[in-house]
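Trainee: I've got a model open and I'd like to go through the labels people put on it. Can you walk me through how each one is earned?

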Amino acid sequence: MSAPAVEALHRVRTPLTWLYAPGDRPDVVRKALASGADVVIVDLEDAVAPHRKAYALDATADLLADPHPVPVHVRVHSVHDIPTLAPLPGLRGLRVPKVTHATDIHRIAGLAPDVPLYPLLENALAVEHAYAIATAHPAVRGVALGEADLRADLGVREDSALDWSRGRVVVAARAAALPPPAQSVHPDIGDLDALAAGCARGRAMGFLGRAAIHPRQLPVIERAYLPTPEEVDAAREVVTAAETGRGALALPDGRFVDAAVVEGAHRVLALAARTG
């Protein structure tokens, strides 16, 4: 199969941007749906004051009574939200905060049959159990860190202190055959340079995409995670070379190509196809 044919197979849009919107602000949610985000996450947890939780759940249920062109996930406040949300045709996934054990996933999957689950790992125990959580149930389609809560749980101040936990989650996702995790949000919506730098670092660590809390963050995240023209050319060269032989081989410039390198090249072309 030629490199262009491979790219055509990968024209399913790989999500890179996941935009949070407060569940008690239906107007903001609708703006999020029109923002260009790959996934909109309606937040019933941290973004909603306690006295607004019931309203937020009702408003979200109304929103999800019909499907939307953009996938809509919901970050639930508690398991009590799930029976209301699970049957709704507009729901494409549940973001489950404060998961610490595989048994948490089994309980939630029982409440939401056939709904994709995305556990959020927000404390030290959850990070220790990352692989067990990632493989707990076929409904788990991805895992991610909740870095604000994790930072508080660990009592750390330096951002780099979370790097070990970040690496642990990247490895757990890969070992569980799940997509690479998206980075946690960058809370300063005014500092886009810091956002871009953080995304570049996350990409180097094996993350894919990032959650956002404001639409202005979306193009920064997407640019950071899309492959460069040079990376796309290199990936095409690898795929083309893989068609000509079997097993390991070397490119004209001396680079060694094996099955893992070819797989990585396909992932690059899948991302590049977003702009095609």
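Mentor: Sure. Start with pairing: two strands pair if DSSP finds at least two bridges between them. And keep in mind that this is a predicted model.

Trainee: How do you know that E4 pairs with strand E5 (residues 117-121)?

Mentor: Three bridges join E4 to E5, and the two run parallel. The rule asks for at least two bridges, so the label holds. Within that pair, Val96 stands opposite Pro119 in E5.

Trainee: What makes the link from E4 to E5 a right-handed crossover?

Mentor: The chain goes from E4 through helix H5 (residues 102-111) to E5, a β-α-β crossover. It is called right-handed because, with the strands pointing away from you, the path from the first strand over the helix to the second runs clockwise.

Trainee: And what pairs strand E3 (residues 72-75) with E4?

Mentor: Three bridges again, in the parallel sense. With at least two needed, E3 and E4 therefore count as paired. Here Val74 stands opposite Leu94 in E4.

Trainee: Which way do the residues of E4 point, and are they buried or exposed?

Mentor: Gly93 and Arg95 point one way from E4 (residues 93-96), while Leu94 and Val96 point the other way. All four are buried.

Trainee: Now charges. Why is the contact between Asp163 and Arg166 called a salt bridge?

Mentor: Their closest N and O atoms are 2.7 Å apart. The cut-off is within 4 Å, so the pair qualifies. Asp163 and Arg166 are three residues apart in helix H9, which means about one helical turn separates them.

Trainee: Why is Arg166 called buried?

Mentor: Arg166 has 7% relative accessibility. Buried means under 20%, so the word fits.

Trainee: What makes Arg168 and Glu128 a salt bridge?

Mentor: Their side chains meet at 3.5 Å, N to O, and that is within 4 Å, so they pass too. Arg168 lies in helix H9 (residues 163-175) and Glu128 in helix H6 (residues 124-128), so the pair ties together parts that are 40 residues apart in sequence.

Trainee: Why is Glu128 called partly exposed?

Mentor: Glu128 has a relative accessible area of 45%. Partly exposed lies between 20% and 50%, so Glu128 belongs there. Arg168, with 27%, is partly exposed as well.

Trainee: How many salt bridges are there by this rule?

Mentor: The count comes to 18. Some share partners: Asp43, Glu45, Asp46, Arg75, Lys98, Glu122 and Asp149 are joined into one network.

Terms used
Residues numbered from 1 in each chain as written. Predicted model: local features only at pLDDT ≥ 70, side-chain atom pairs only at ≥ 80, totals over all residues. Heavy atoms only, no water. Buried < 20%, exposed > 50% of the residue type's maximum accessible area, 1.4 Å probe, protein only.
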